[in-house]
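Here are some short exercises to work through with the structure in view. Try each task yourself before you read its solution.

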Amino acid sequence: MSDTANQPEFGRRREPAKPIVPKTANEALRPELGTPPPRRSRASRSQVVIFLNFLMSTIFLVTIGAGLLVYYGKMEFEGPGPSATGAVVLVRPSTGVREIGAQLERSGLISDARIFALGVRAHGADADLKAGEYEIKPRASMQDIMELLKSGRSVLYSLTIPEGLTVEQAFQRIAEHEALVGEMPAELPPEGTLIADTQRFTRGTERKDLIARMVAAQASLVESIWARRVDGLPLEDINDFVTLASIVEKETGQAEERSRVAAVFINRLNKGMRLQSDPTIIYGLFGGKGKPADRPIYRSDIDKPTPYNTYTINGLPPGPIASPGRASLEAVANPSKTSDLYFVADGTGGHVFAATLQEHNENVARWREIERKRRENAAAGPAAPAGETGAAEPAAAD
């Protein structure tokens, strides 16, 4: 075998062998140093790079934190509320989202006013919340409350003005309603101009606004029915129309009788007969305050002249004596076609009608007998009124 295998490669110098240095036992057991790490580049040691790394790390952490906060806020906004009983909350006009949230938090209906305000604004509803009084259900979420306030479905109160009340009597009810606010008008509107109906409104509604609404509603109702009246009515204008309807309203509470009662008065006006309606006596004596409950109508009252006493004046009084309802207005606009000229109470809450004086006198006699028996059964009490209804007494006939 040739010795060329042990020869150095051509062109390379052979390194001289290093001498072997003996080691002590301690040196032999001492660990040798590892390979040193590579030196950091100059770019990696730059302050800009360090700052950018810090900034990216901060943004990452903030993003994670913001996401967690958004998730928590969303759960709080959409989750069940803390109140187990619910409550009624009044949101006044021009109240901001923050104030509403604070009010809800004080009432124990939400857990955090800030989350409520942020949630409402995130939904773009901060300008859509409406004033009113709202009934918040138990465990309602902030989102439920937001939707309720957006809808405007606030708690509604009612005030009923029955047919036949005067404006003064209606004003007393309006003034006493605790959910209404503000002063009453300084002057009463004309008699018969307030609608007899049930009004629905939210707490905090101004009394003047409610009254204006009632006046406008009555005007619209009267004009619509007046426009549909039959031809040939002995009424000069819409004031006469409302006046006669108010008399019909006060004469009977029976719906099926109204058109027939209206026919009696229409027939009398056509014949030039006096209406002789007892409610006009009462209004002439007591005005809008109404007759005291324990005050009967005396014979002397019938003969006492007032602008409203249809026993002493011809035709209609100068204005309405109460607020007529729709049914009475319709009855006057479209009265029954009869020849009746009289009616008197029948003792059951209704009336019996007659076309002749003789028939009427017989009806009156029966009514007086009914009243006599009632007084005997009661064994006490004031004397019966001189005339229970319009055109009731024989003396009322021409």
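**Exercise 1.** In this predicted model, work out whether Glu-369 is buried, exposed or partly exposed, then look at its salt-bridge partner.

*Solution.*
Step 1: Glu-369 has a relative accessible area of 31%. Partly exposed is the class between under 20% (buried) and over 50% (exposed), so Glu-369 is partly exposed.
Step 2: Glu-369 makes a salt bridge with Arg-372, and their closest N and O atoms are 2.3 Å apart.
Step 3: Do the check for Arg-372 too: at 33% relative accessibility, Arg-372 is partly exposed.
Step 4: Now find the pair in the chain. Both residues sit in helix H13 (residues 357-378), 3 residues apart, or about one turn of the helix. An α-helix has 3.6 residues a turn, so residues three or four places apart point the same way.

**Exercise 2.** Find the parts of the chain that the salt bridge between Glu-178 and Arg-203 links.

*Solution.*
Step 1: The two side chains meet at 3.0 Å, N to O.
Step 2: Glu-178 is in the loop between H6 and strand E4 (198-202), while Arg-203 is in the loop between E4 and H7; the two are 25 residues apart, so this pair links distant parts of the chain.
Step 3: Glu-178 is exposed at 52%, whereas Arg-203 is partly exposed at 24%.
Step 4: Bring in Glu-133, and you get a network of salt bridges with Glu-178 and Arg-203.

**Exercise 3.** Decide whether Glu-249 and Arg-258 are buried or exposed.

*Solution.*
Step 1: Glu-249 and Arg-258 form a salt bridge, with the closest N and O atoms 3.5 Å apart.
Step 2: Both residues are buried.

Note on methods: Residues numbered from 1 in each chain as written. Predicted model: local features only at pLDDT ≥ 70, side-chain atom pairs only at ≥ 80, totals over all residues. Heavy atoms only, no water. Salt bridge = Lys/Arg side-chain N within 4 Å of Asp/Glu carboxyl O. Helix = DSSP H or I, 4+ residues; strand = E, 2+ residues; numbered from the N terminus. Buried < 20%, exposed > 50% of the residue type's maximum accessible area, 1.4 Å probe, protein only.
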